Amino acid sequence: MTAIVFSLGQLAERLGATLRGAADTSITGLATLHEAGPAHLSFLANPQYRKFLADCKAGAVLLTAADAEGYAGAALIVANPYLAYAELSHLFDRKPRAAAGVHATAIVAADAVVDASASVGAYAVIESGAQIGAGVTIGAQCFVGARTVVGEGGWLAPRVTLYHDVHIGKRVVIQSGAVIGGEGFGFANEKGVWQKIAQIGGVTLGDDVEVGSNTTIDRGALADTIIGNGVKLDNQIMIAHNVQVGDHTAMAACVGISGSTKIGKHCMLAGGVGLVGHIEICDGVFVTGMTMVTRSITEPGSYSSGTAMQPAAEWRKSAARFRTLDDMARRLQQLEKRLAAVTPADDASSDA
Amino acid sequence: MTAIVFSLGQLAERLGATLRGAADTSITGLATLHEAGPAHLSFLANPQYRKFLADCKAGAVLLTAADAEGYAGAALIVANPYLAYAELSHLFDRKPRAAAGVHATAIVAADAVVDASASVGAYAVIESGAQIGAGVTIGAQCFVGARTVVGEGGWLAPRVTLYHDVHIGKRVVIQSGAVIGGEGFGFANEKGVWQKIAQIGGVTLGDDVEVGSNTTIDRGALADTIIGNGVKLDNQIMIAHNVQVGDHTAMAACVGISGSTKIGKHCMLAGGVGLVGHIEICDGVFVTGMTMVTRSITEPGSYSSGTAMQPAAEWRKSAARFRTLDDMARRLQQLEKRLAAVTPADDASSDA
Amino acid sequence: MTAIVFSLGQLAERLGATLRGAADTSITGLATLHEAGPAHLSFLANPQYRKFLADCKAGAVLLTAADAEGYAGAALIVANPYLAYAELSHLFDRKPRAAAGVHATAIVAADAVVDASASVGAYAVIESGAQIGAGVTIGAQCFVGARTVVGEGGWLAPRVTLYHDVHIGKRVVIQSGAVIGGEGFGFANEKGVWQKIAQIGGVTLGDDVEVGSNTTIDRGALADTIIGNGVKLDNQIMIAHNVQVGDHTAMAACVGISGSTKIGKHCMLAGGVGLVGHIEICDGVFVTGMTMVTRSITEPGSYSSGTAMQPAAEWRKSAARFRTLDDMARRLQQLEKRLAAVTPADDASSDA
């Protein structure tokens, strides 16, 4: 594979950064402050890592003007080093770029429309009425169902499944194993036996959405399941039928969202969070890891549930007591009453 | 795509419903009470939504006789509107129906048996000794292992994996990405190193089972893993080796069941529930979302664990105190003893 | 399918076991003590199951010398029956063995290297610069990305995705649906909009690793995500970018590990455990099921979080009180102070 090489001058120009050091220094990759070598560009984004600057061996470091003052080595001085790193990262990405065209083994229905600038990989199957936009990459072994639309600039890793009637916006990235448009969990109970309800809605994804590996987004029961613009979904997330996710909300891995729940814009759900169905989460909510969300949230802010880890022997005692908490609370109340009967009340003043 | 159209009269006839309104009204789809337009049929199943009836613009509504009294518009009067909706939903399902026959690119072993009425999709692979029953659909890119049997009327979405020696009953539906028969997690520890135990059992699924997207059901270590008739499994469920699930039990997404655990009939496990291995859950148990089940359940009823969500700042205080619960309980006991020494006992009478 | 038959004598010889009984007894399979018939070999590993010995109908039982004394039937006497069972289990495994060679429909890039003794299944795709070692099986419909290396003796089930630049050690087993090398969840927030950070690291798996069905291991953001030798990962595990897992650590299903977290050697994580990012777990740690690990662990031992299951009605009371725990703790403290004012202090002596 050909090496990726940029000069420090080229990178400075790309970012509009102030260059301190030799413009012709060759940079072949990016690395953290303590792992970087002389051909690496590094960056300081988290103040906690400032301590690594002193011994940093990087060819250059992305720094704010303030941090650059305390560093003697070569630097690219920018307003936001983390964003600058994000931008440059794409230059050093060795992810293969697919050539335009339909692979000889791909099966494309006669009435499907594939833009000439799109790429369709080996053994992909594209069904009747599907539309693949300009510059889209459909990876090998992908399945694109009937009437499904993939907007321009999209990138599907190998082995992604899109069922029928799924509408994907522009520049959407979907990792391998993701399933979009599967039949949601809809059953009516008839004397103890579950009768299937056909899931006749679709799925709509906005622009600039990212869907992680093995994440599943079910189609709607009646109307569509809707994922807003700029939403980022990590791996193994489960989104049930008729969920709505607002623009620019991000979810870490293993989040599960039950049917018809509506999540606002600019929310963040940490890993393993679970939400029951039919609730609403307002804009700007942050939910910490593994929290069980059983009711709507109407105020922005951070929310949590669960208990903190303990050594197992201690935890067993806490857990046993948790089961008696109501009894403890009643006894506490009882004690307060009894004590009040023997002593003058002073609770309002004695405890800070 | 051709539109789907039924007259209200046709739908009434199909259900054996009492029709109130014009029999020739065209119905092109189903919708909720507040989203329905004049070409939609809607339904009232949840009494909470009765308030939406007044402003409902649906062409007709599936109603009980009692609810129909309070509604002036067109209606199909039935005993159970939700079941009626479930039945009609299939008429409006635009899921493509596969034509019978084996796709030219499917690879079917010479000694595999595929019924003439079955459909095998593009790039599917069917191995030696497998049997595909009448009317079965094997989606594109599916893999059906050696000696595996898919009973009549089954429907496999694209990209389902069935390993070898898996027995699937009749009318089973399996969504994309599901893996049935993978090797369970069996290892013997020899001086700190894990030695693999071959998983020589299979998997048996009963009739009318549904398996969600990316759900995994491992093969048995010795005997089969067994899923009963009418069991419904949502997405991303994990069922370990030698689990047994009783008839008509339903599990929502992200449930995980450890090895050799046995679950009764007509149980419901909500999303994210986890069960340890080697326990038994009796018939008729409901487990609420994200509950950790660490022991057998011998009485029908509802079970829960975890803590309720709080604003994070408050939660941190609760969580910190949880770790000291045993100490709190001891101190409470101590106080009771000390107080008993100074006051006459009256706890039995003073608190309601 | 040809039956698998070994004589008891052959099995004894293979294990170096002491044979008690007829060497020519035919053994066609393995089974548990209470399910075994006369053609089965069984084993007693867990002392709890000793009670099943009396009525055991197995053709022979793998026993320690001590247990054999209390059993009258045929036996193979070994030092460790469970390890002996693990070893023999592979003889009775009906998993199809792939023949060496590249299937006619597999697409192998011109500059990829596939060892002559390796097997590449139908519709597999192997990209530029990939290397497939001696004796490796690449299942049907697998995808092996550019420059990815699969070490000798590896076994990939059908439908596994390896992205580009993934390095897999020797004798690694990967179940269906697993995705290794997907793009990790890396985004920089710019005024509320998430900007993607290219994930330019790879993934390195050591020797003798096992990866379960639908498990996902993301590629590193800069350096590689690293899985040590002998690590066993069950199904539906999520390992984020730049996680490091030490040798011989085992994780049960549905574990989720956030980015850059480092786990020691010989650890065990039970099902559903979640770890936040950027923490370190030392060697020899056991974490019980569904525990939320929010800080580093520096001492070997067992750790837990969560609460124990209760009937839902009781749980609701406990959960309601949990939210007031801090208040309860303060009131308890208050009572202690007030009581101390009316009685002589005796807390140090009155409670054991």
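Trainee: How many residue pairs are in polar contact across the interface of chain C and chain A?
Mentor: The rule finds 33 such pairs, both residues at pLDDT 80 or more. A polar contact is a pair of N or O atoms within 3.5 Å; within protein, one must be able to donate a hydrogen and the other to accept it, and residues adjacent in sequence count only if both atoms are side-chain atoms. This is a predicted model, in which local features need pLDDT of at least 70, side-chain atom pairs count only at pLDDT 80 or more, and totals for chains, interfaces and linings use all residues. Residues are numbered from 1 along each chain as its sequence is written, chains are lettered from A and ligands numbered from 1 in the order written, and side-chain values use heavy atoms, without hydrogens and water.

Trainee: And how many salt bridges are there between chain C and chain A?
Mentor: There are 5, a salt bridge being a side-chain nitrogen of Lys or Arg within 4 Å of a carboxyl oxygen of Asp or Glu. One of them joins Lys95(A) to Glu183(C), at 2.6 Å from N to O.

Trainee: Changing topic, what does UniProt list for "active site"?
Mentor: The unreviewed UniProt entry lists His241(A); such annotations may be inferred rather than shown by experiment, feature names are shortened, and positions follow the numbering used here.

Trainee: Is His241(A) buried or exposed?
Mentor: His241(A) counts as buried because its relative accessibility is 15%, where buried means under 20% relative accessible area, exposed over 50%, and partly exposed in between (1.4 Å probe, protein chains only).

Trainee: Which side chain does His241(A) join in a polar contact?
Mentor: That of Gln199(A), at 2.7 Å.
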